[in-house]
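Please open the model in your viewer and keep the selection tool at hand. The stops below say what to select next and what is there.

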Amino acid sequence: MVTEIKQGIWSVGALNPAMRVFDIVMCTEYGTSYNSYLVRGSRKTALIDACHRSFFPQYLENIRKICPPEEIDYIVLNHNEPDHTGALAALLEEVGSAAIYTTQAGALYVRNITNRTDLDLHVVKEGEELDLGGKTLRFVPAPFLHWPDSMFTALPEDKIVFTCDFLGAHYCEPYVFDHAMAYPAKYKEAFRGYYDAIFGPFKKYVLAGLDKLSGLDFDMVLTSHGPVLTRGEKGMLDWAMEQYRQWSAPTSRDRKLVPVFYTSAYGNTRLLAQRIAQGIREVSGAEAELYDIIDHDLCKLCQLLNESDGFAVGTPTINRDAVLPVWQLLSGVDAIGCQKKPFVVFGSYGWSGEGVPGVAARLTSLRMKQVGEGLKVTFVPTQEDLDKAEELGRQLGQAVMG
């Protein structure tokens, strides 16, 4: 689908309305788009980001509606995840000798994505500019939004910023601009889900990214997924930026947050969870609520774990392993934000008991800090077992309080 955004700037990406799962774990009820943009100055032509390899034939056709691929002088890669660069290797066969502009981390990634060592790679510096002739591309590295290689590319003459994933959404309508959307409420739902899944673990970097944008003069943001965001009465750009700022603001609490997550086949792990929570509260006064994993929304539990000051997780052992709901919870751990976070692991078992050390090993591999030893209890906990659980909770509470 080809749409002129402003004079000399076209959207040439592909629509994927049928996609329902992105990157294995993210639900995409409203599909997505793989946005790519052609910018033609009076002397040079640049392509901003590429496309998913599955859509290469349509993508190449879109480019050809504007110019022959060999007329592209530069390819700017704001982020090198394969949904943006999967089609790059095939595209380079058509383009030929275009120079690729990306960050230092991006240069490493793009070599591995294309499996080529002969690329004309240019590593950009903060504030560096590329003159296309009446249109200037200015590069603004924005690491961890949401990969180390991420950057923004500004086009000052047209008051545009290309932000790749930042402010994007997995949302697909055949209308390029935000003010033309048929279902804005559904877009807002997708926008929030995208933030939670992609940028929720990088809140401090989100705030830094918004500060970088505030230093630029623009009235339009062109993302890699979803509609073009604009200012104005019906535009959603200011709304989108404000939502990011609110969602990323540090949370202020009167008490420490130390949730106790568990699941229990016969109620025995639950008994341990109750006493651990009691021990946490005794020494810290923390908010230490119990959460049976199978009774709550998993996304909300993951968010709670990531926002916590420390946590406990309890699991039975089935087939010499922790149970599936526990692994599903831990799959949502923010490995960057949770480094050094204190935790304890506990659980009742019958035959063996590998679930507890398995979970502990997983969390310590993510550089979190285990408090005490994992508490394993055979079948029904004795009074001594319950006392040990309460003491383990006290140790966790003390660790949280510092």
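Two strands are said to pair if DSSP finds at least two bridges between them, and the elements themselves are DSSP runs, numbered from the N terminus, with helices (H or I) of at least four residues and strands (E) of at least two. This is a predicted model, in which local features need pLDDT of at least 70, side-chain atom pairs count only at pLDDT 80 or more, and totals for chains, interfaces and linings use all residues. Residues are numbered from 1 along each chain as its sequence is written, and side-chain values use heavy atoms, with hydrogens and water left out.

**Strand 23 and its partners**

Begin with strand 23, where Pro342 has Lys369 as its bridge partner in strand 24. Strand 24 (residues 369–370) runs parallel to strand 23 and is joined to it by two bridges. Now add strand 20 (residues 311–314), which is also parallel to strand 23 and is joined to it by four bridges; here Gly314 is the bridge partner of Phe346. If you colour strand 23 by side, Pro342, Val344, Phe346 and Ser348 point one way, while Phe343, Val345, Gly347 and Tyr349 point the other way, and all are buried (buried means under 20% relative accessible area, exposed over 50%, and partly exposed in between, with a 1.4 Å probe and protein chains only).

**The second largest pocket**

Stay with Tyr349 and select Tyr266, Thr317, Ile318 and Gly350 as well: these five are the closest to the centre of the second largest pocket, out of 17 residues that line it. On a 1 Å grid over the protein atoms alone, a pocket is an open set of points with protein on both sides within 12 Å along at least five of seven lines, a cavity is a set where a 1.4 Å probe fits but cannot get out, and lining residues have an atom within 4 Å of a point. The pocket holds about 350 Å³ of space, a volume being the space filled by probe spheres set on the points, which are joined across faces, edges and corners. Helix 8 (268–284), strand 21 (317–318) and strand 23 (342–349) each give two or more residues to its lining.

**The largest nonpolar core**

Next, select Tyr59, Ile75, Phe166, Leu167 and Tyr244, which touch the most other members among the 63 residues of the largest nonpolar core; such a core is a set of buried Ala, Val, Leu, Ile, Met, Phe, Trp, Tyr and Cys residues joined through side-chain atoms within 4.5 Å. Helix 5 provides the largest share of this core, seven residues. Another core, of 25 residues, lies apart from it and includes Cys302, Cys338, Val345 and Met368.

**An open sheet**

Which strands form the edges of the open sheet of six strands? The order is 12-13-14-15-16-17, with mixed pairing, and the edge strands are strand 12 (129–131) and strand 17 (229–230), each pairing on one side only. Strand 12 runs antiparallel to strand 13 (residues 136–141), with three bridges between them, and Asp131 stands opposite Thr136.

**Two cavities**

Finish with the enclosed spaces, of which two reach 30 Å³ or more. The largest cavity has a volume of about 170 Å³, and Leu15, Ser33, Asn35, Glu173 and Val176 lie nearest its centre. The second largest cavity has a volume of about 40 Å³, and its lining includes Asp23, His84, His146 and Asp165.
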